[in-house]
Amino acid sequence: QVQLVESGGGLVQAGGSLRLSCAASGRTFSNYDMGWFRQTPGKEREFVAVISRSGASTSNPDSVKGRFTISRDNAKNTVYLQMNSLKPEDTAVYYCNARVATGPGASYDYWGQGTQVTVSS
């Protein structure tokens with residue numbers, strides 16, 4: 001089991017910045033990849049960022065590339081999402097994700113409860 005607790009959401013003006021945090025517990029944090037997703041009402045959950053177990057590798061979709069940065073501190077069991085140059089279309093509930101390997105080619109996704117980010121124009 002992995003427990004994830006997000007924090008850092010809120011209301012910000014367009015062009016501003018926010019940093020989300022996600023604290024993990026329950027398993028060895030450095031053994032699994034971590035990611036961030038977001039979701040707006042009526043839409044599917046959208047991938048935002050992923051970081052490898054060591055933190056050496058990250059990836060973002062084009063929609064946030066150059067504006068959002070994912071990082072992790074394995075000593076603190078925490079993953080971060082630094083969001084800069086925010087746009088109204090970034091408004092969503094942001095979810096932390098832990099992908100834990102369960103066997104060859106298999107994994108299980110754990111999710112946090114989500115944190116609301118609202119960007120005003």
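The following exercises, each with a worked solution, concern side-chain packing and pairing in a predicted model.

**Exercise 1. The nonpolar core**

Determine which residues touch the most other members of the largest nonpolar core, and which strands supply the core.

*Solution.*
Step 1. The largest nonpolar core has 29 residues, and those touching the most other members are L4, M34, W36, V79, L81, M83 and Y94.
Step 2. At least two residues of this core come from each of β3 (18–25), β4 (33–39), β5 (46–51), β7 (68–73), β8 (78–83), β9 (92–103) and β11 (115–120). The greatest contribution is that of β9, with five residues.
Step 3. Take M34 as an example. Leaving aside residues up to four places away in sequence, M34 touches L4, C22, F29, A49, V50, I51, I70, R72, V79, C96, N97 and A98.
Step 4. As a general background, nonpolar side chains in soluble globular proteins tend to be buried together.

**Exercise 2. The surroundings of C22**

State where C22 lies, whether C22 is buried or exposed, and which residues C22 touches.

*Solution.*
Step 1. Strand β3 contains C22.
Step 2. The relative accessible area of C22 is 0%. Buried means under 20%, so C22 is buried.
Step 3. Beyond residues up to four places away in sequence, the contacts of C22 are L4, V5, E6, M34, W36, N77, T78, V79 and C96.
Step 4. One of these contacts, T78, is 56 residues from C22 in sequence, yet the C-alpha atoms of C22 and T78 are 5.4 Å apart in space.

**Exercise 3. Salt bridges**

Establish how many salt bridges a search of the whole structure finds, and describe the pairs made by R38, D90 and D109.

*Solution.*
Step 1. The search finds four salt bridges.
Step 2. R38 pairs with E46, with 2.9 Å between the closest N and O atoms. R38 is buried at 7% relative accessibility, whereas E46 is partly exposed at 32%.
Step 3. D90 pairs with R67, and here the closest N and O atoms are 2.7 Å apart. This pair links distant parts of the chain, 23 residues apart: D90 is in the loop between β8 and β9, and R67 is in the loop between β6 (58–59) and β7. D90 is buried, at 1% relative accessibility, and R67 is buried as well, at 10%.
Step 4. D109 pairs with R99 at 2.8 Å between the closest N and O atoms. D109 belongs to strand β10 (residues 106–111) and R99 to strand β9, 10 residues apart. Both count as partly exposed, D109 at 25% and R99 at 41%.
Step 5. A network of salt bridges links R38, E46, R67 and D90.

**Exercise 4. Aromatic rings and a charge**

Classify the ring pairs F37 and F47 and Y108 and Y110, and identify the rings over which R45 lies.

*Solution.*
Step 1. The structure has four aromatic pairs.
Step 2. For F37 and F47, the ring centres are 5.8 Å apart and the planes stand at 65 degrees. Planes over 60 degrees apart count as edge-to-face, so this pair is edge-to-face. F37 is in strand β4 and F47 in strand β5, so the pair ties together parts 10 residues apart in sequence.
Step 3. F37 is buried at 16% relative accessible area, and F47 is partly exposed at 29%.
Step 4. Y108 and Y110 are also edge-to-face, with 4.8 Å from centre to centre and 70 degrees between the planes. Y108 is partly exposed at 47%, while Y110 is buried at 13%.
Step 5. F37, F47 and W111 form one aromatic cluster. R45 lies over the face of W111, 4.6 Å from the ring centre, and the charged end of R45 sits over the ring of Y95, 3.7 Å from its centre.

Notes. Residues numbered from 1 in each chain as written. Predicted model: local features only at pLDDT ≥ 70, side-chain atom pairs only at ≥ 80, totals over all residues. Heavy atoms only, no water. Core = buried A, V, L, I, M, F, W, Y, C linked by side-chain atoms within 4.5 Å. Buried < 20%, exposed > 50% of the residue type's maximum accessible area, 1.4 Å probe, protein only. Helix = DSSP H or I, 4+ residues; strand = E, 2+ residues; numbered from the N terminus. Contact = heavy atoms within 4.5 Å. Salt bridge = Lys/Arg side-chain N within 4 Å of Asp/Glu carboxyl O. Phe/Tyr/Trp six-rings, centres within 6.5 Å; stacked < 30°, edge-to-face > 60°. Lys NZ or Arg CZ within 6 Å of the ring centre and 35° of its normal.
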